[in-house]
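User: I would like to go through the cavities and aromatic contacts of a model. Could we look at it together?
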Amino acid sequence: MNIHEKYMSRCIELAKKGLGSTYPNPSVGCVIVYDNKIIGEGFTCPYGGNHAEVNAIQSVTEKSQLSESTLYVTLEPCSHFGKTPPCSDLIVEHKIPTVYIGCKDDNELVAGKGIEKLTKAGCQVQVGVLEPECKEQHKRFFTFQNKKRPYIILKWAQSKDGFIAPSEALRKDKKPVWITNKKSRQLVHKWRAQEHAILVGTNTVLQDNPSLTTRDWEGNSPIRVIIDRTLKISENYSVYNNQAKTIIITEKEGETKENLCYETIDFSKPIAQQICTVLFHHQIVSLIVEGGAKTLQTFINENSWDEARKFIGELEFNEGVNAPIIKGEISSEEKILTDLLHYINND
């Protein structure tokens, strides 16, 4: 790893700190180097706040050093006015002479314009330092921009003998039947805090009465998206509490209230694709689909997914609801105490 990759690697680590809080903006990381030392760092604030470059520049104590410094950033600096002024203008204003960029921004409002503005102002700009790693960091943002839908993660837990849930005979009440251990469940709450929205189907709500929040991890709870074709779920269920914004996907009209809205789709047509369109219009950048089996299989069959995360626990049910059938190579696996976690990419 050369020195430029070292500093960009630090940018990526900083960018991870903002994941889950910056949507619909990407979480970007930035460092500023003077005389071979980092003198400023920053990552993107929650939506409407400062971008990474602004925070990094503001963190520099001796502003006079900026004119002899090098700035590293995971994503091309913006060149347009949004909630905040253009970052490229601020870089030019402080006469930062050299800028290393991980990857270009696909947003049509930027798309090379930030690089062009810096170059015209006399900055030396180099693009592509740790580019694959930076694109991985910003995969949600790029999917949203290029495919006009959220980045979609499928997640489920299955028993050792291949069931996602036990049969009705084994259920005693409307509570989740835990297949995985506590550490795995905590990891799932961490994932929820990183994603913009979470989706489940009607049966999952009726059977488990989940809250779909991040109660076991510090961070924002995702927007809840519930498929409820005929509005079977009463407002007594936890998904109707006011702890997070909730979107109901249905074929019936519902009364929109604070933190609650209804979106109608045609259930005779591809469902996952229509949901993706709805969520794109809501500016939802990423989605984690947690079930149930029918809902997960719908996204798989319509090829509307980017990665899957499959837990395999130690329990055996002998009978129940079969786990989803998915094709794809296991990119990696992880042992979490007694559970096995498979990561699968949709290449």
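Analyst: The points below concern internal cavities, aromatic pairs and charges over rings in this predicted model.

User: How many cavities of 30 Å³ or more are there?
Analyst: The count comes to one cavity. Its volume is about 80 Å³.

User: Which residues lie nearest the centre of that cavity?
Analyst: Tyr23, Pro26, Ser27, Arg140 and Phe141 lie nearest the centre, out of a lining of 13 residues.

User: And how does the lining divide into nonpolar, polar and charged?
Analyst: Six of the lining residues are nonpolar, six are polar and one is charged.

User: Changing topic, how many aromatic pairs are there?
Analyst: There are six aromatic pairs. One of them joins Phe141 and Phe142, with the centres 6.0 Å apart and 50° between the planes, a tilted arrangement.

User: Is Phe141 buried or exposed?
Analyst: Phe141 is buried, because its relative accessible area of 6% falls under the 20% cut-off. Phe142 is also buried, at 9%.

User: What about the pair of Phe144 and Phe280?
Analyst: Their ring centres are 4.7 Å apart and the planes meet at 35°, so this pair is tilted. Phe144 belongs to helix α6 (residues 139-147) and Phe280 to helix α9 (residues 271-281), so the pair ties together parts 136 residues apart in sequence. Phe144 is buried at 6% relative accessibility.

User: Which residues do ring pairs link into a cluster?
Analyst: Tyr7, Tyr72 and Tyr100 are linked in this way.

User: Lastly, where does the charged end of Arg185 sit?
Analyst: The charged end of Arg185 sits over the ring of Trp178, 4.5 Å from the ring centre. Likewise, Arg309 has its charged end over the ring of Trp191, 4.6 Å from the centre.

Note on methods. Residues numbered from 1 in each chain as written. Predicted model: local features only at pLDDT ≥ 70, side-chain atom pairs only at ≥ 80, totals over all residues. Heavy atoms only, no water. 1 Å grid on protein atoms, 1.4 Å probe; cavity = no way out; pocket = protein on both sides within 12 Å on 5 of 7 lines; lining within 4 Å. Points joined across faces, edges and corners; volume = space filled by probe spheres on them. Nonpolar A, V, L, I, M, F, W, Y, C, P; charged D, E, K, R; others polar. Phe/Tyr/Trp six-rings, centres within 6.5 Å; stacked < 30°, edge-to-face > 60°. Buried < 20%, exposed > 50% of the residue type's maximum accessible area, 1.4 Å probe, protein only. Helix = DSSP H or I, 4+ residues; strand = E, 2+ residues; numbered from the N terminus. Lys NZ or Arg CZ within 6 Å of the ring centre and 35° of its normal.
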